[in-house]
Amino acid sequence: LVSSVEQGDFRITLKNGSTIRLMLGSKPDSLRSSNPYGIILDEYATLNPTTVQVLTPILATNKGWMIVTGTPRGDNHFKKWYDSAVKSDKWYAHTINAAQTGTFTKEELDTLRQDSIDFYGNEAYFQQEYMCSWVSPNSGSVFGELTNIMINKGHFKRIPYDSDLPVYTQWDIGNADHTAI
């Protein structure tokens, strides 16, 4: 099946002439000359969102395919991509969490959840990594869990404001040192 392996170039050439190549998506412009027929973008939430914009025209030209996978990490470009795929008849979208896979027993999941609470002070990491929660706050978020409770209780709403007057906001940027702006 394998004809050659070029470790320095992260390339495997198959006996039929096809190649499998591992490339980093952190610098999307470096992918422009790659000319792929198929792409797997893993952990897309951590990649630069322009990676898809760079590769989509190449795939369209080659009548290629793309698989986008990853762990939810809040409302970001991966979430937008996923929501779009769910609505589209041209894409397949599927989510399966750890409780549905049969990989872990209920007791194991309970232990992992408690470990998350013990380490981070909340279960955000567990919800993100094991239960595929798009809405779970970052594990280091100071007010993330409280914000979710307030959203669920309907305590957030749009407030009209006068654009001629200054508007002040505050943010919880998710650092474990309780930093806020």
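Phe 78 is located in helix H2 of this predicted model. Its relative accessibility is 5%, so Phe 78 counts as buried. Setting aside neighbours within four places in sequence, the residues in contact with Phe 78 are Tyr 44, Ala 45, Val 68, Thr 69, Gly 70, Thr 71, Pro 72 and Trp 134. Thr 46 can be placed relative to this side chain as well: Phe 78 and Thr 46 are 32 residues apart in sequence, and their C-alpha atoms are 8.7 Å apart in space.

Helix H2 also carries a salt bridge. Asp 83 pairs with Lys 79, and the closest N and O atoms are 2.9 Å apart. Both residues belong to helix H2, which covers residues 77-87, and because they are four residues apart they are separated by about one helical turn. The two partners fall into separate accessibility classes. Lys 79, at 18% relative accessibility, counts as buried, since the cut-off for that class is under 20%. Asp 83 has a relative accessible area of 26% and is partly exposed.

The structure holds six salt bridges. Turning to the N-terminal strands, Asp 9, Arg 11 and Arg 21 are linked in a network of such bridges. One of its links runs from Arg 11 to Asp 9, with the closest N and O atoms 2.7 Å apart. Another joins the side chains of Arg 21 and Asp 9, at 3.0 Å from N to O. This second pair links distant parts of the chain, 12 residues apart: Arg 21 is in strand S3 (residues 19-21), whereas Asp 9 is in the loop between strand S1 (2-6) and strand S2 (11-14). Each member of the network is partly exposed: Asp 9 has a relative accessibility of 26%, Arg 11 has 21% and Arg 21 has 38%.

The strands around this network pair in sequence order. S1 and S2 run antiparallel and are joined by four bridges. Within this pair, Val 5 stands opposite Ile 12 of S2. The hairpin of S1 and S2 has four residues between the strands, and in it Phe 10 takes a positive phi near 50 degrees. S2 and S3 also run antiparallel, joined by three bridges. Here Thr 13 stands opposite Thr 19 of S3. The hairpin of S2 and S3 likewise has four residues between the strands, and in this hairpin Gly 17 takes a positive phi near 95 degrees.

What lies on the surface of this region? Leu 1, Val 2, Val 5, Ile 12 and Ile 20 make a nonpolar surface patch of about 470 Å². Val 5, which lies in strand S1, has 52% relative accessibility and therefore counts as exposed, the cut-off for that class being over 50%. Val 5 and Ile 12, which stand opposite each other, are both among the patch residues. In a regular strand, side chains alternate between the two faces of the sheet.

Two residues show the range of settings described here. Phe 78 is buried at 5% relative accessibility, while Val 5 is exposed at 52%. Phe 78 is in contact with residues including Tyr 44 and Trp 134, whereas Val 5 belongs to the nonpolar patch on the surface.

Technical notes:
Residues numbered from 1 in each chain as written. Predicted model: local features only at pLDDT ≥ 70, side-chain atom pairs only at ≥ 80, totals over all residues. Heavy atoms only, no water. Salt bridge = Lys/Arg side-chain N within 4 Å of Asp/Glu carboxyl O. Buried < 20%, exposed > 50% of the residue type's maximum accessible area, 1.4 Å probe, protein only. Helix = DSSP H or I, 4+ residues; strand = E, 2+ residues; numbered from the N terminus. Pairing = 2+ DSSP bridges. Patch = residues over 30% accessible without salt bridge, like charges linked within 9 Å, V, L, I, M, F, W, Y side chains within 5 Å. Areas by Shrake-Rupley, 256 points an atom, 1.4 Å probe, with all protein chains shown as cover. Contact = heavy atoms within 4.5 Å.
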